[in-house]
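Good morning, and thank you for making the time. I should like to take you through the internal spaces of a protein model and then through the packing of its helices.

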Amino acid sequence: MVDSFAPNVFDSRTKRMQIQRAVHSDADHHFLHAETAVRLSDRLLDLEQDFSTVAILGWWPQELQTLVPGKLDAAQVVDLSFNRSKAQADLEFLPLRSKSFDLIISNMALHWVNDLPGMLSQIRAALRPNGVFLGSALGGETLHELRASFVAAETDLSGGYHPRVSPVMDLRDAAGLLQRAGFNLPVADIDRINVAYDNPLKLLHDLRGMGQTNAVIGRKTTLTARGVLFGALQRYIDAFGDETGTVPATFDCLYLSGWSPHESQQKPLRPGQAKNSLAQALDATEHPLKS
């Protein structure tokens, strides 16, 4: 287990309430969860490993088995997803036994975890040797248009600013977090999904419907002042809208993968053990340094 002294950034109780409300929202609001579930499943299909025990976390508008036909037919599945299970996993603690799973897969939930290194360490501990973790999360410049619009509106009207869009993970940190949690062969990549809206108010409705609204500790818990809200919406349209008034919303989706350590996995060579030099690989002439 990784020691972590991560401060609490998110109000976990508020986030659980938002998730519970979103579970009952219209399926149309969950378009982003559905899209990332498909993309995450494609990564699972690319793996040649067989999996006998699987744990499912996060948002899954469709059953995972339907997205990977034939891949998990013989697997024992523990479904702790938000919208498909009554036994949902806690945001900060996983009720999973040590070394019990060949695959743990999580869709669009990690970015709400306060102690992300600790959560990844819990996932790694629940995997058997050579077990696989696959996950997706919001990151990068997600909703930068909305963030900038609220900052400008509130700063202009009141001279200050309260956090209204939650912080997200940076791609550069993602693979490092996996390695810190004890995963081998960590990989992180990013897909940008651009969504066009008739107006930014529809974006706010979608965020609420998918349970992805702000839950930062220290946020204003009262209703947003009309001047700030409508000022932000107008700035959004002015700064990012096209000639028809349509506005974009950016979602940067991170995809993470890592393996629980096993002796069969590739290991990096120690310095001096390489059989071929970089010069040979580049078909260049090597010139030793003169002492």
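Let me begin with the interior: the largest cavity holds about 120 Å³ of space. Please bear in mind throughout that this is a predicted model. At a threshold of 30 Å³ or more, the structure contains one cavity. Its lining comprises 13 residues, and those nearest the centre of this largest cavity are Leu57, Asp90, Leu94, Ala109 and Met119. By class, the lining of the largest cavity consists of ten nonpolar residues, two polar residues and one charged residue. Which elements each supply at least two residues of that lining? They include strand S1, residues 53-58, and helix H4.

Helix H4 leads us to the second space, an open one. The second largest pocket has a volume of about 300 Å³. Sixteen is the count to remember here: 16 residues line the second largest pocket, with Phe10, Val113, Leu116, Val168 and Met169 lying nearest its centre. The lining of this pocket divides into twelve nonpolar, two polar and two charged residues. At least two of the lining residues come from H4, and at least two come from H6.

Those two helices also pack against one another. H4 spans residues 116-126 and H6 spans residues 171-180; their axes come within 9 Å and cross at roughly 55 degrees. Because of that angle, H4 is oblique to H6. The crossing of H4 and H6 is right-handed. On the H4 side, the contact is made by Leu116, Pro117 and Leu120, and on the H6 side by Leu177, Leu178 and Arg180. In terms of class, the contact of H4 with H6 has five nonpolar residues, no polar residues and one charged residue. Leu116 therefore deserves a second look, if I may use the word loosely: this residue of H4 takes part in the contact with H6, and it is among the residues nearest the centre of the second largest pocket.

I turn now to helix H8, residues 226-240, beginning with its packing against H7, residues 200-209. The axes of H7 and H8 come within 9 Å and cross at roughly 115 degrees. H7 and H8 are therefore roughly perpendicular to each other. Pro200, Leu201, Leu203 and Leu204 of H7 meet Leu229, Leu233, Tyr236 and Ile237 of H8. What classes of residue make up this contact of H7 with H8? There are eight nonpolar residues, with no polar and no charged ones.

H8 has a further partner in H5, residues 144-158. H5 and H8 pack at an angle of about 130 degrees, and their axes are 8 Å apart. The two helices are therefore oblique to each other. H5 passes H8 in a right-handed crossing. The contact involves, among others, His144, Glu145, Phe150 and Leu157 of H5, together with Val228, Leu229, Arg235, Tyr236 and Phe240 of H8. The contact of H5 with H8 divides into ten nonpolar, four polar and four charged residues. Leu229 and Tyr236 of H8 appear in the contact with H7 and also in the contact with H5.

That concludes my presentation, and I welcome your questions.

How values were computed: Residues are numbered from 1 along each chain as its sequence is written. This is a predicted model: local features need pLDDT of at least 70, side-chain atom pairs count only at pLDDT 80 or more; totals for chains, interfaces and linings use all residues. Side-chain values use heavy atoms; hydrogens and water are left out. Axes are lines fitted to C-alpha atoms, for helices over the stretch in contact, and angles run from 0 to 180 degrees between N-to-C directions. Helices (H or I, at least four residues) and strands (E, at least two) are DSSP runs, numbered from the N terminus. Angles under 35 degrees count as roughly parallel, over 145 as roughly antiparallel, 65 to 115 as roughly perpendicular and the rest as oblique. A crossing is left-handed if the near helix is turned anticlockwise from the far one by less than a right angle, and right-handed if clockwise. Contact means heavy atoms within 4.5 Å. Ala, Val, Leu, Ile, Met, Phe, Trp, Tyr, Cys and Pro count as nonpolar, Asp, Glu, Lys and Arg as charged, and the others, Gly among them, as polar. On a 1 Å grid over the protein atoms alone, a cavity is a set of points where a 1.4 Å probe fits but cannot get out, and a pocket is an open set with protein on both sides within 12 Å along at least five of seven lines; lining residues have an atom within 4 Å of a point. Grid points are joined across faces, edges and corners, and a volume is the space filled by probe spheres set on the points.
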